[in-house]
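Here are my notes on the model you sent over. Have the structure open while you read, and work through the points in order.

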Amino acid sequence: MKTRTRNFLGQLLTLHIPLVPFILFSLFPFYFMVITSFKADGELYNLKANPFIIQLSPTHPDYSGGPTLEHYQLLLHNTPFLTWLFNSVLVSVLATAISIVIAILAAYSLARLRFRGAPSFGTAVFITYLVPTTLLFLPLAQVVNRLGLADSVWALIVTYPTFLVPFCTWLLLGYFRTIPQEIEECAMVDGCTRFQALIRIVLPVAIPGIVCAVLFAFTISWNEFIYALTFISSTAQKTTTVGVTAELIRGDIFYWGSLMAGAVLGSIPIVLVYVVFMDYYVSGLTQGAIK
Amino acid sequence: MASVTLQELSKRFDKVTAVNQINLEIPDKEFVVFVGPSGCGKTTTLRMIAGLEETSDGTILIGERVVNDVPPKDRNIAMVFQNYALYPHMDVYKNMAFGLKLRRTPRPEIDRRVREAARILGIEELLDRKPRQLSGGQRQRVAVGRAIVRQPEVFLFDEPLSNLDAKLRVQMRSELIKLHYQLEATMIYVTHDQVEAMTMGDRIVIMNNGEIQQVGAPMEVYDQPINMFVAGFIGSPAMNFFQGKLTAQNSELFVDLGKFTVKLPKSQVNRFGNHVNQRVVFGIRPESISDREETGEHQQERVPAKVNVVEPLGSEVMVELSAGDHTFVGRLDPTTTARPMHEMAVYFDMGRFHLFDAETGVNLTHQ
């Protein structure tokens, strides 16, 4: 057998084929989500039908009209889904922006400036991240009420940084430590103040790490549920996660088709963001690993 | 005026004193090399001059100005780092232009200076490349170029050649020396390599344990080391040290080295008179040891020895010898007949020996 063919087969057997189960495992939820969102109710709630496909053949006993857009129509016409989507985008973008700015300044000070208590402060920042939101939501609800932000997306924009900042600071701290200090010192000799050195030298070099932090922060904000559920009651102020579950689960009735449609549409912004930043994301993950 | 003056300069990190009351005056246009083993305080001193490290005590003056509280950017200095510290996200041109851009230098002036520096360093074709596309030597040149365009009063070099391979190091060394002639600027250079110190400096500052051991021109430091540390640090292979005792007999002085003695020339009797019967260290450089009696003005002391190892280097032969309980190295002519495991008498040139106080290490020969 020629070497090229042998190599090809070898790679196929050792790399590509073993990857198939992983791909199936990762993509299956999305596949199921999409299938379910296009499946008519008749077929959806038919316990005898195959849950993994939409029956296309009209002669089949489980046939229920093939793929349908009724769930998407229900979602978009009968619920303020687009408003929720807008709210989610607004909250995630603003909370991420605020958190990243604070985290950059915090991580830079902890990584570079020698002040008393710096190591303990760094640990303290990380420990606050470990306190679960399920423990904090009640006292935070009181704070939010007193600030007059109850039932508004601003309650979320202000409270999300409480868990985004510690996490992003920790991530960026690790990343800043891999950037050699000499280039900032050289910039300061060349004519920068420390702040200018941060903006003009460190940040451009740290872009992969910052993108990584932005992606994590955006994803966490987007998926957040507890605070969104607790602080907001009016339908128009809800985010996607809360709105979809609140309006499409009535008592014990789950509008599965529309729920899945909501999940599909709600995933699109995240997918877009990741696709755009994919290159930076991967390099950000591996950068810190190599000293 | 770009002189640099250090007065009682000290730096402490918690309980560790890295630099201890340094006093030094570096006149304008001088090339001064700080040399010493790792941890001796030379880099810390350089960083304090640059303003990257705060002083614990003492004063730093650049010209007539006290600069202790002046930030690095306002000290009119430029620094070349060991790891080059090029800005990775900028191409070579922008790296070199950065400092000028920050000072709002007009663009035509920036362009002129960058291209001139690039021409001097032979890096004109590299101006649009990024640092990661350059070799070590090229990066080093860009780092030097970045310093040149600023036209600073003082250039600071922190072991700039340590990361280069041996051949490139030799080449860059001579280029930096030529640059000093061309630019006529004050240059402060830190290295742990005594060859760089000897070949590049107008004066060498030898440091150990945070203190200046000796300051002087290369040959002065080589021929008249002030103590055992300097004597053993400068010169390769290092000076040979023999522990012994100074004795007197019939108004002649001898150094008792155990199984043999070395007679000191009559001219030295007065100099060492007060140290008779004290423990001393006899020092002699390998090149002052010969395998044949040289006719000349200096007395030659014959020492019977045994050859252990012979290392032919082409232009000379390094020979490891033992006499009594002492092992030492001689640098012999290539025509030597030294053979390992054979006896051979060697001759110490007594015009070029050193005698050190065994307790303090101070060189008694040149006081």
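How many bridges join strand β16 of chain B to strand β19 of chain B, and in which sense do the two run?

1. Seven bridges hold β16(B), residues 300-312, to β19(B), residues 343-349, and the strands run antiparallel. To find your place in this pair, look for Arg302(B), which sits opposite Tyr347(B) of β19(B). Bear in mind throughout that this is a predicted model.

2. β16(B) also pairs with β17(B), residues 317-323, again in the antiparallel sense, this time over six bridges. Here a handy marker is Val310(B), whose bridge partner in β17(B) is Val319(B). The two strands form a hairpin with four residues between them, and Gly314(B) has a positive phi there, near 100 degrees.

3. Now go to the open sheet of four strands in chain B, ordered β2-β1-β4-β5 with antiparallel pairing. The edges are β2(B), residues 16-26, and β5(B), residues 65-66; each has a single partner strand, so one side of each lacks a neighbour in the sheet. Helix α1(B), residues 42-50, packs on this sheet and touches β1, β2 and β4 of chain B, with its direction at about 115 degrees to that of β1(B).

4. Within that sheet, β1(B) covers residues 4-13 and is joined to β2(B) by seven bridges, the two running antiparallel. Val4(B) is a good place to check the register: its bridge partner in β2(B) is Ile26(B). As you trace side chains, remember that in a regular strand they alternate between the two faces of the sheet.

5. The helix I'd look at is α3(B), residues 107-121. Its 15 residues should span 21 Å at 1.5 Å a residue, and the end C-alpha atoms are indeed 21 Å apart, so the two agree. Just past the helix, Gly122(B) takes a positive phi of about 70 degrees.

6. Which residues of α3(B) are buried? They are Ile110(B), Val114(B), Ala117(B), Ala118(B) and Leu121(B). These cover an arc of only 100 degrees around the axis, which means they lie on the same side of α3(B). The spacing makes sense because an α-helix has 3.6 residues a turn, so residues three or four places apart point the same way.

7. What covers that buried side, and what is on the other one? The cover for the buried residues of α3(B) includes α2(B), residues 92-102, and α4(B), residues 136-149. On the other side of α3(B), Pro108(B), Glu109(B) and Arg119(B) are exposed.

Technical notes. Residues numbered from 1 in each chain as written. Chains lettered and ligands numbered in written order. Predicted model: local features only at pLDDT ≥ 70, side-chain atom pairs only at ≥ 80, totals over all residues. Pairing = 2+ DSSP bridges. Contact = placed C-beta atoms within 7 Å. Axes fitted to C-alpha atoms, helices over the stretch in contact; angles between N-to-C directions. Expected span 1.5 Å × (residues − 1). Buried ≥ 20, exposed ≤ 12 C-beta atoms within 10 Å, placed from the backbone. Arc of directions from axis to C-beta.
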